[in-house]
Amino acid sequence: MRIEAYTQVQQLYKAKKPAKTQDTAKTAASDRIQISSIGKDIQVVKNAVAAAPDIREDLTAPIKAGIANGTYQVSGESFAEKLMKKYEEIESL
């Protein structure tokens, strides 16, 4: 076994080590994020929906007042018709 050959191989491995610290510093500084106008519009709409109330008080307040006063009347026929219509919709799916 020749010792000189081993030393030469060892020198080759030491000489070819890349410097990683310089490459990572350059790429980290150039990273950017860009949001499209559609993405911004979606964010605005999401915020508007989150701020909107779940219950429309202008529609429910008169019904609540009628129930509290005892003056709210529901037609049995109307209720049955709507119930059957909803049942038919579900059955057709």
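The following questions and answers concern a predicted model of one protein chain.

Biologist: How many helices and strands are there in the protein chain?
Modeller: Read along the sequence, the pattern is α-α-α-α-α. The count of strands is 0, and the count of helices is 5.

Biologist: What percentage of the residues in the protein chain is buried?
Modeller: A residue counts as buried under 20% relative accessible area. The chain has 93 residues, and the buried share of them is 1%.

Biologist: How much of the accessible surface of the protein chain belongs to carbon and sulfur atoms?
Modeller: The accessible surface comes to about 9,600 Å². The share of that area belonging to carbon and sulfur atoms is 60%.

Biologist: What span is expected for helix α3, and what does it reach?
Modeller: Helix α3 covers residues 37–51, which is 15 residues. The helix is hardly covered, with a buried count of 0. At 1.5 Å a residue the expected span is 21 Å, and from first C-alpha to last α3 reaches 21 Å.

Biologist: How far apart are the end C-alpha atoms of α4?
Modeller: The helix has 13 residues, and the expected span takes 1.5 Å times one less than that number. The expected value is therefore 18 Å. The end C-alpha atoms agree with it, at 18 Å.

Biologist: Which residue follows α4, and what is its phi?
Modeller: Helix α4 runs over 57–69. The residue after it is G70, with a positive phi near 85°.

Biologist: Does helix α5 lie largely in the open or is it buried, and how many of its residues are buried?
Modeller: Helix α5 spans residues 76–92 and reaches 24 Å, close to the 24 Å expected. It lies largely in the open, because the number buried among its 17 residues is 0.

Biologist: Which residue forms a salt bridge with E89?
Modeller: Both partners lie in helix α5, 3 residues apart, about one turn of the helix. E89 is partly exposed at 42% relative accessible area, and its partner is partly exposed at 49%. The closest N and O atoms are 3.9 Å apart, and the residue paired with E89 is K86.

Biologist: How far apart are the closest N and O atoms of the salt bridge between R56 and D58?
Modeller: The structure holds 2 salt bridges, and R56 with D58 is one of them. The cut-off for exposed is over 50%, so R56 at 52% counts as exposed. D58 is exposed as well, at 55%. The closest N and O atoms of this pair are 3.8 Å apart.

Biologist: Which elements give two or more residues to the nonpolar patch?
Modeller: The patch is formed by I63, I67, Y72, V74, F79 and L83, with about 610 Å² of accessible area together. The elements that give two or more residues to this patch are α4 and α5.

Biologist: Is I67 buried or exposed?
Modeller: I67 sits in helix α4 and belongs to the nonpolar patch on the surface. Its relative accessible area is 56%. The cut-off for exposed is over 50%, so I67 is exposed.

Conventions: Residues numbered from 1 in each chain as written. Predicted model: local features only at pLDDT ≥ 70, side-chain atom pairs only at ≥ 80, totals over all residues. Heavy atoms only, no water. Helix = DSSP H or I, 4+ residues; strand = E, 2+ residues; numbered from the N terminus. Buried < 20%, exposed > 50% of the residue type's maximum accessible area, 1.4 Å probe, protein only. Areas by Shrake-Rupley, 256 points an atom, 1.4 Å probe, with all protein chains shown as cover. Salt bridge = Lys/Arg side-chain N within 4 Å of Asp/Glu carboxyl O. Patch = residues over 30% accessible without salt bridge, like charges linked within 9 Å, V, L, I, M, F, W, Y side chains within 5 Å.
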